[in-house]
Amino acid sequence: MSWYFDSHAHYDSRRFREDQQQVLAQMEPNHVRRIMNVGCDLASSYTSIALAEQYDFIYAAVGSHPDDAANVDEARVEEYRQLARHPRVRAIGEIGLDYYYEDVPRAKQQEAFRMQMALAQELSMPVIIHQRDAYEDALKIVDEFPAVRGVFHCFSGSLEYAKEVVKRGYYMGFTGVITFKNARKAVEVAQWAPLNRLLIETDCPYMAPEPFRGKRCDSTMLPRMAEKIAGLRGLSTEEIAKITRENAMELFGVDAP
Ligand code: NI
């Protein structure tokens, strides 16, 4: 039986406020049996846990995205430490660096990233990393925590960068971007990537794959990513669904349905 694990979603987004229940009711009939809902700040970390309590197929990650780095201090980390004790919390994330938008000064982003990597290390939990235009600095901080593993979500790097990520034992998450016509780099990486390092994700409500590009994304679109990667690797969509769900279950310590 083929089923899918969406390794990165944001159902707490206001873009699901009107119809969140109806959308989530479509998961089972569309063979989406596991979803990692990822926090971006304190409020969405709480909401992720609430969703995981409400739906047995949803798991939660807690943490502050680089956009929220200004709010990360010892007290905030302590709150995440408490939240991470919840049995449905399986990762710290999303954390990282974003030098593209740079809403928060780089030094503060780095500090917040380090503090949350240290928390993941202390709790022996995986991390979900957001990295945009901060390639070298992200690897530098990752290298300070060699015991931590995780995923570079919405992978956007070159083949050379992918090799650095894989060398460190991290996974790479592919979104709908892989289906875009101009996705040369992501395609190159997905063609090369060791199968045991591959994850698929929607990052919904963002990043809808073709032919839904520009629309609100949800996890029922995940088979498009699997199909695309299957084509690149000469495997069946079912095989990619299986490989990526087993990788996600292994990374997040989540059981099969
Ligand atoms: Ni995200």
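The lining of the largest pocket in this predicted model comprises ten nonpolar, ten polar and eleven charged residues. The pocket has a volume of about 970 Å³, and 31 residues line it. Those nearest its centre are His130, Arg132, Asp203, Tyr206 and Met207. At least two lining residues come from each of strand 4, strand 5 (127-132) and helix 7 (184-192).

Asp203, one of the residues nearest the centre of the largest pocket, is also a donor to the nickel ion. The protein donors are His8 and His10, each through NE2, together with Glu94 through OE and Asp203 through OD. Their distances from the nickel ion run from 2.1 to 2.5 Å. The angles among the four donor atoms span 85 to 175 degrees, and the site is classed as irregular. Because a tetrahedral assignment requires all angles to lie between 85 and 135 degrees, the upper value of 175 degrees is outside that class. For reference, the ideal angle for four tetrahedral donors is 109.5 degrees.

Along the sequence the donor residues follow the spacing H-x1-H-x83-E-x108-D. Glutamate 94 and aspartate 203 connect distant parts of the chain, being 109 residues apart. Glutamate 94 belongs to strand 4 (residues 89-98), whereas aspartate 203 lies in the loop between strand 8 (198-200) and helix 8 (222-233). Both carboxylate donors are classed as buried, because the relative accessibility of glutamate 94 is 2% and that of aspartate 203 is 8%, with the cut-off set at under 20%.

Enclosed space was examined separately from the open pocket. One cavity of 30 Å³ or more is present in the structure. The largest cavity holds about 40 Å³ of space. Its lining consists of Gln131, Phe152, His153, Cys154, Phe155, Ser156, Gly157 and Tyr161. By class, four of these residues are nonpolar and four polar, with no charged residue in the lining.

Strand 3 (residues 58-62) is mostly covered, with five of its five residues buried. In a regular strand, side chains alternate between the two faces of the sheet. In strand 3, Ile58, Ala60 and Val62 are on one side and Tyr59 and Ala61 on the other, and both faces are covered. Strand 3 pairs with strand 2 (residues 32-38) in the parallel sense, over four bridges. Alanine 61 of strand 3 is the bridge partner of valine 38; alanine 61 is itself among the buried residues of the strand.

Note on methods:
Residues numbered from 1 in each chain as written. Predicted model: local features only at pLDDT ≥ 70, side-chain atom pairs only at ≥ 80, totals over all residues. Heavy atoms only, no water. Donors = N, O, S within 2.8 Å, 3.2 Å for Na, K, Ca; no water. Tetrahedral: all angles 85-135°; square planar, octahedral: opposite > 155°, others 65-115°. Buried < 20%, exposed > 50% of the residue type's maximum accessible area, 1.4 Å probe, protein only. 1 Å grid on protein atoms, 1.4 Å probe; cavity = no way out; pocket = protein on both sides within 12 Å on 5 of 7 lines; lining within 4 Å. Points joined across faces, edges and corners; volume = space filled by probe spheres on them. Nonpolar A, V, L, I, M, F, W, Y, C, P; charged D, E, K, R; others polar. Pairing = 2+ DSSP bridges.
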